[in-house]
Amino acid sequence: MKKAAVSAIIAVIANVEVITNWGAGGKPAPTNIDRLPFFMTARTYVERLFASFDRTAQTRRILTHDYHVADRRFRTVILGEALQRYLEPALAHIEIPLAETPDLTISLWDGSLTGEHIPPYERMTSTEGDPTYRYRDAAYHIEYHTAFNLTLCIDFPNRRAAFFLPNPVVLPSWAQAFPLRTILNSWLRETPFQLTNAAAVGFPEGGVLIVGVAGAGKSVTALACLESPLQFAGDSFVLTAAEPTPMIYSLYSIAMLDADGLTRFPRYAPHALNKKRAADEEALIPLAEIASEKLIREMPLRAVLMPRLNTGAAAGTAPLIPAMPTAALAVLAPSTAAQVRGAEREGFAKLATLVKSVPCYILEVGSDLTIIPPLIIDLLLGL
């Protein structure tokens, strides 16, 4: 019993050291999340996190941007050029003049500016095989991504969020395609809106959601429409709402093309943001920079398409095959949940309502991509 008591006292002292060294420059990132202070409340942790941002902001240039999607406005307050480069390409098309009262303010900074160490919150938990630890209550959502030592949090009562990264260099290039998606998805959890893993094209009068697992042909189908009258709302993610009217909202303007996609659309290769990429890495195409006139901010949802690559399909044919909403949901819900964790139950309900509200089709995608835009246009005109 005495030995256990002594061990407990030693553990408390070790944890107090972590707390008192919060923010100490040069302190290495912890490798064992269980050794962090077990008596710190979420409120205290969040307050200390934002205090770190405030200290850093006193000596650094502050970059402020406001964005508008659906009926929501969010602001980014960035310290350091590195994180600015991470955000700008994907979000530039929804930027607006600074508003007085954004619905959410996101503070972003990195440890290279000050050398501060911010330990992860000890009350977070993770499921087996998931490298991300999470904590959530009515007031706060906190995450720690072990792959990058990335800390995220949302303070719901104060309508603010934080994004802290010890070293911005560790962010993979694909993160530029859909930045802040975890924060935005958690922020919108209790609203009608859902961050949705899909592409979308259409007109102001109505558009289609293009859904599928990786390699199914979402990007190929969407980019095939850029040379047509159809407009582009997104590639990897869009924002959707099922009620009161099914809607699609553009959030990101980066298109992602794998090697096969670049073979089909070689003209986009010179514009890739990540020219020095691995062989299996997708190219990031900044459409707001090279095709801004083709982007659309929002449109009613008229149909869901599930592309199915079939290079053996006869030339000149791209049949639309009616499908059940459950088939679309079976594709859309898992792919969305895998990419934006933490609100799976709410997301599933929103997506289920969405796919039931419009007709769903399988689209056979062959080698002749020129027939896809007329097919989608005819579909939209007939609905």
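This is a short tour of a predicted model, going from the whole chain to one helix and then to some aromatic rings.

**The whole chain**

Start with the protein chain shown as a cartoon. Its secondary structure comes to ten helices and 19 strands. Next, look at how much of the chain is covered: buried residues make up 55% of its 383 residues. A surface view shows the rest of the picture, with about 17,000 Å² exposed by the protein chain. Carbon and sulfur atoms supply 56% of that exposed area.

Contacts can be sorted by distance along the sequence. Taking contacts between residues at least 6 apart in sequence, 72% join residues at least 24 apart.

**Helix α8**

Select residues 325-339, which form helix α8. How far apart are its end C-alpha atoms? They are 21 Å apart. This agrees with the expected span, because 15 residues at 1.5 Å a residue should span 21 Å.

Now show the side chains of A328, L329, L332, A333, S335 and T336, the buried residues of α8. What do these buried residues pack against? Colour the following elements to see their partners:

- strands β9 (193-196) and β11 (206-210)
- strand β17 (298-309)
- helix α9 (344-356)
- strand β19 (360-365)

**Aromatic pairs**

A pair of aromatic rings is described by the distance of the centres and the angle of the planes. In this model the count comes to eleven aromatic pairs.

Select Y121 and Y135 for one of them. Their rings are edge-to-face, with 5.3 Å from centre to centre and 85° between the planes. Y121 lies in the loop between β4 (104-110) and β5 (132-136), while Y135 is in strand β5, so the pair ties together parts that are 14 residues apart in sequence. Are these two residues buried or exposed? Both Y121 and Y135 are buried.

Move on to F265 and Y268. The ring centres of F265 and Y268 are 6.1 Å apart and the planes meet at 50°, so this pair is tilted. F265 has a relative accessible area of 4% and is buried. Y268 also counts as buried, at 7% relative accessibility.

Return to Y121 and Y135, and add Y45 to the selection. Y45, Y121 and Y135 form one aromatic cluster.

**A charge over a ring**

For the last stop, select F50 and R160. Where does R160 lie relative to the ring of F50? R160 lies over the face of F50, at 3.9 Å from the ring centre.

Notes:
Residues numbered from 1 in each chain as written. Predicted model: local features only at pLDDT ≥ 70, side-chain atom pairs only at ≥ 80, totals over all residues. Heavy atoms only, no water. Helix = DSSP H or I, 4+ residues; strand = E, 2+ residues; numbered from the N terminus. Expected span 1.5 Å × (residues − 1). Buried < 20%, exposed > 50% of the residue type's maximum accessible area, 1.4 Å probe, protein only. Contact = heavy atoms within 4.5 Å. Areas by Shrake-Rupley, 256 points an atom, 1.4 Å probe, with all protein chains shown as cover. Phe/Tyr/Trp six-rings, centres within 6.5 Å; stacked < 30°, edge-to-face > 60°. Lys NZ or Arg CZ within 6 Å of the ring centre and 35° of its normal.
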